[in-house]
Amino acid sequence: MKFFKVDLGIAILIAMILGIILGIIFGEDVTIIAPIGDVFIKLLSMLVIPLVFFSIIMGAQALGQSKNASKIGGMTFLYFGATSFVAVFVGILFTVLFKPGIGLNIQELAGGITDTSLTSRGEIAGFWDTIKGAIPSNPFKALSQGSILQIILFSMFFGIGIGKLPDEKQKVVSTFIEGVNDVLVWMIIKVMWLAPFGVMCLMASSVGTFGYDILFSIGKLFIVYILALIVVTFPLFGGMVQFFSKVPAIKFFKEMVTPQIFALSTASSLATLPLNYEAVDKMGVKKSVASFVLPLGATVNMAGNAVFNPLVTIFFAQMYGIELGMSQYIAIAITSVLGAVGTAGVPGPSLLAVAVFMVAGVPVEALPLIFGVDRIFDMLRTAVNITGDASCAVVMERFEEED
């Protein structure tokens, strides 16, 4: 995808750098241009929900016609679950090894910040509540409210149903679905022309608003987090691509540069979907596989979040001098993996961290310290999330070809 005559990834990277410079120079005054970035995100949000809906219908329909459908679907969920568990393990291991919270004064860092209302926001729905919550009582209401899990469930069911229709009827419905999907893709390509301007304004606003003072105070945590994400991105995802797909890992990461930069700047997995589609298409992934795996991954595959939540929980436990036992580590791992499923693929504070804190018995009073710079952490984990989605699509493409 091009921005005039310049590769879009390069244009976005330049825009990010300009945004950082503007944020440093003008500070909070630069927020005057923040609405431009917000408009860009709103335009993408306007199109992403219908794109997810129709893309998954197309993917489910195509897979439903294949005898390999159940295998691809099952392996996709297995891939997401397995990589998330590994990501959680890496987050726990790195925090235990490097101990970023040891020796820090919680009172000085938090500056007296407390927010007791956080505890009421950390409740986790039970198993059956989660299952029932994923089933839409009204699919149109789910679409209007952007209830991603409900949209996914209905569109998968609907797409499989289309695949079971007689050929004549199936052709009529599938032609309509494909036509609508093509229109949405055209609209998103036009909106993406605004990407460099939107990214510049978003970065300038983030840097100007939050600065780096707080980030410096938790610098060791930030460094450990980056190291953990690097391990998940390259050895884990890169290794899966290298050994279980026909795409060399070097080519995979080369094609992923533009989506990663965009995800880094917008902190939105859903907004990055169009670029992720383009990247996996260049790697030979069929539209049927990409249309199923990528929208699904953008909402239920959160490896970056799976690293973040245990890491931050153990970080605060170390600051408070709390000794965690094996039962707490297991609770942290399970909650981090299950809680990440269905996390909205849009920017926002990691409120799931509250739930992980609670199951581990760690006080939540200093969490606003993390929320204050969560945008920066969110940018990094989003880039990892979308890389995991693309790696799954590439791997599933090989298994689809084998049958």
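In this predicted model, the axes of helix α11 (residues 219-244) and helix α16 (residues 303-320) come within 10 Å and cross at roughly 145°. The crossing of α11 and α16 is right-handed. On the α11 side, the contact is made by L221, V224, Y225, A228, L229, V232 and F237. They meet A303, G304, V307, F308, L311 and F315 of α16. By type, the residues of this contact are twelve nonpolar, one polar and no charged.

Next, a pocket. The second largest pocket holds about 350 Å³ of space. It is lined by 17 residues, and the closest to its centre are V185, P274, Y277, E278 and K287. Helix α14 gives the most to this lining, with five residues. The lining divides into ten nonpolar, three polar and four charged residues. The table lists the elements that give two or more residues to the lining.

| Element | Residues |
|---|---|
| α2 | 34-64 |
| α8 | 167-191 |
| α14 | 273-282 |
| α15 | 287-300 |

Last, a single residue in a loop. P136 sits between α5 (127-133) and α6 (139-145). Is P136 buried or exposed? P136 counts as buried because its relative accessibility is 14%, and the cut-off for buried is under 20%. Which residues does P136 touch, leaving aside those up to four places away in sequence? They are A142, Q150, L153 and F154. S147 lies eleven residues from P136 along the chain, and their C-alpha atoms are separated by 8.6 Å.

Methods
Residues are numbered from 1 along each chain as its sequence is written. This is a predicted model: local features need pLDDT of at least 70, side-chain atom pairs count only at pLDDT 80 or more; totals for chains, interfaces and linings use all residues. Side-chain values use heavy atoms; hydrogens and water are left out. Axes are lines fitted to C-alpha atoms, for helices over the stretch in contact, and angles run from 0 to 180 degrees between N-to-C directions. Helices (H or I, at least four residues) and strands (E, at least two) are DSSP runs, numbered from the N terminus. A crossing is left-handed if the near helix is turned anticlockwise from the far one by less than a right angle, and right-handed if clockwise. Contact means heavy atoms within 4.5 Å. Ala, Val, Leu, Ile, Met, Phe, Trp, Tyr, Cys and Pro count as nonpolar, Asp, Glu, Lys and Arg as charged, and the others, Gly among them, as polar. On a 1 Å grid over the protein atoms alone, a cavity is a set of points where a 1.4 Å probe fits but cannot get out, and a pocket is an open set with protein on both sides within 12 Å along at least five of seven lines; lining residues have an atom within 4 Å of a point. Grid points are joined across faces, edges and corners, and a volume is the space filled by probe spheres set on the points. Buried means under 20% relative accessible area, exposed over 50%, partly exposed in between (1.4 Å probe, protein chains only).
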